[in-house]
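User: Could you take me through one part of this structure in detail? I would like a close look at the main mixed sheet and what surrounds it, with any neighbouring features worth a mention.

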Amino acid sequence: MLTYDLDAAGSDPLYVFLYKCIKADIVCGRLTPGEALPSKRAFAKHLGVSTITVENAYGQLTSEGYIVSRPRRGFYVAALSELPLRNRQAAAVLSPEPEAGRTRAALTQTLAAPQWFADFASNQTDPERFPFSIWAKISRAVLSREQPALMENPPAGGTAQLRRAIAGQLRDFRGMAVSPEQIIVGAGTEYLYGLLIQLLGFDKIYAVETPGYRKVAQIYRAHGLTVAEIPLDHAGLMPDRLAASGASVVHLTPSHHFPTGRTMPISRRCELLGWASRSPNRFIIEDDYDSEFRMNGRPIPPLYTIDDSRRVIYINTFTKSLASTVRVSYMVLPFPLAARFYKELRFYACTVSTFEQFTLARFIAEGHYEKHINRTRLAYKRRRDTLLAVIAASPLAARARIAEENAGLHFLMTIDTEKPDRALIADAAREGIHLAALSDYGGAGAHTFVINYSSIPDGRMAEAVARLYRAVVA
């Protein structure tokens, strides 16, 4: 007779859990078409439940067509010629086959985030830096004062309030004279890349920096695009290689290249703008992802500010300056592209909630964002200085060389070792240290590692460096 562990019902009523179990067995084929089910009375006695529990479960299965009732003969599994895929998946989750169980276990293991003592490979921000109290106060004010507006769907480009606030921020702190109508808000830069691809065309070659942020190339290729990887020299992406690639769109991080940390000089910026101006179909996507955190001197002016030919598309995000979980990003389109966006793509709904947009708009407009950036920049500068001091005072100093430490929230560390990069990364992992090599991003030269320090607590730095040294000499 059928047997189910009703102790696993959890918060489900017993009849609902029993219904789900029988349905799963039918969907997976354990109960075959025409097979008789136990009588209600005998089944209830076997399971130790009331007859009404079995009756309700059978009633639901009959209503959905999984079983049929034959007068004076009982209940039988219905003949199902075809089941929707989602029903098969639901059944596999509830009662998996051995192979499905193994696959599910492997997937769970893959998705589980490792617990590191120090994660130098992550670019996540420090949760202690987020201004929770101010954000909560503004959120309450928005809920109290903006109730009718919160129930309205925002325009495709985002709410007018947030776009005006971003335009003011860009004017005051990045020297960019832009109109709110040029700004398109979206949930993460990945979403904005998808819009840009539709706007610029699938038939073009898209160029990316190598070494570079690998996800950019992955996203472009996932959309079926041809991607050209253009090498760098000391000044950044090489214009002659770009011209030879046949690309029409190039994705750059000129103010703080990831992962090398280089800043593109004005001469190279002008060369690339000249490349773009020679064809009406050429565009530069300027990714200004962590421009707020230049540690020495003023932030580098964006490429956008010297573009007279309207070929630069500026992209930035609040995920780096506020928190990695604040998925609010934006792009600034040249006026002709902005007009095309609203003509061809305005049917897209903005992917950021109205509530979050109103809250962020007030946070910027009331000056909290500027104060937050100033405090955070100072805190991260102290953290960087602490880490560099710890390294300098440790045995690792004799084997390590630091470069590009003055811009953004990471620097490069070249380690004197004979170990291959993968071997050192594995040894560091055994010490609870997560490392990423420059070679992981397509960079040349062994033994250089990208050290992100934004999420490393000060109290762990000495031990983290000691563990890294043990991995080096192991």
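Analyst: Happy to help; what follows is a walk through the sheet, its helices, its loops and the cavities, with a short look at other strands at the end. Please keep in mind that this is a predicted model.

Let us start with the sheet. Eight strands form an open sheet in the order β4-β11-β10-β9-β8-β5-β6-β7, and their pairing is mixed. The edges are taken by β4 (183-186) and β7 (236-237); each has a single partner strand, so one side of each is left without a neighbour in the sheet. As background, strands of a sheet pair through backbone hydrogen bonds, either parallel or antiparallel. For one pair in this sheet the details are at hand: β8 and β9 run parallel and are joined by four bridges. In that pairing, H251 is opposite I285 of β9.

Next comes the helix packed on these strands. Helix α9 lies across β4, β5, β8, β9, β10 and β11 (329-332), and runs at about 160° to β10. Helix α9 (residues 189-200) also meets helix α13 (residues 335-344): their axes come within 11 Å and cross at roughly 95°. The two helices, α9 and α13, are therefore roughly perpendicular to each other. Which residues make this contact? From α9 they are L195, L199 and L200, and from α13 they are L337, R340 and F341. Sorted by class, the residues of this contact of α9 with α13 are five nonpolar, no polar and one charged.

The loops that leave the strands hold some backbone geometry you may want to check. A reminder helps here: most residues other than glycine have a negative phi, and most peptide bonds are trans. Against that background, the bond joining T210 and P211 is a cis peptide bond, with omega about 0°. P211 sits in the loop between β5 (205-210) and α10 (214-222). A cis peptide bond also runs from F258 to P259, where omega is near 10°. The place of P259 is the loop between β8 (249-252) and α12 (266-277). Then there is R310, which is not a glycine yet has a positive phi of about 55°. The loop that holds R310 connects β9 (283-287) with β10 (312-317).

Now for the enclosed space. Rolling a probe the size of a water molecule over the atoms shows where empty space is left. Over the whole structure, the search finds two cavities of 30 Å³ or more. The largest cavity holds about 70 Å³ of space. It is lined by 11 residues, and those closest to its centre are S255, H256, S291, R294 and I300. The lining of this largest cavity is made up of four nonpolar, four polar and three charged residues.

The second largest cavity has about 50 Å³ of space. Its lining includes E209, L232, A235, G236 and L237, together with T253, P254, H257, R262, T263 and M264. By class, that lining of the second largest cavity comes to five nonpolar, four polar and two charged residues.

For context, here is another sheet. Four strands form an open sheet with antiparallel pairing, in the order β12-β13-β16-β15. Here β12 (400-403) and β15 (436-437) are the edge strands with a single partner each, so one side of each has no neighbour in the sheet. Inside this sheet, β13 (residues 410-415) pairs with β16 (residues 448-452) in the antiparallel sense over five bridges. M413 is opposite F449 of β16. This sheet has a helix across it too: α16 (residues 421-430) lies across β13, β15 and β16, at about 40° to β16.

Finally, there is a hairpin to look at. Strands β1 (residues 67-70) and β2 (residues 74-77) pair in the antiparallel sense over four bridges. S69 has F75 as its bridge partner in β2. Three residues lie between the strands of this hairpin, where R72 takes a positive phi near 60°.

Note on methods. Residues numbered from 1 in each chain as written. Predicted model: local features only at pLDDT ≥ 70, side-chain atom pairs only at ≥ 80, totals over all residues. Heavy atoms only, no water. Pairing = 2+ DSSP bridges. 1 Å grid on protein atoms, 1.4 Å probe; cavity = no way out; pocket = protein on both sides within 12 Å on 5 of 7 lines; lining within 4 Å. Points joined across faces, edges and corners; volume = space filled by probe spheres on them. Nonpolar A, V, L, I, M, F, W, Y, C, P; charged D, E, K, R; others polar. Contact = heavy atoms within 4.5 Å. Axes fitted to C-alpha atoms, helices over the stretch in contact; angles between N-to-C directions. Parallel < 35°, antiparallel > 145°, perpendicular 65-115°, else oblique.
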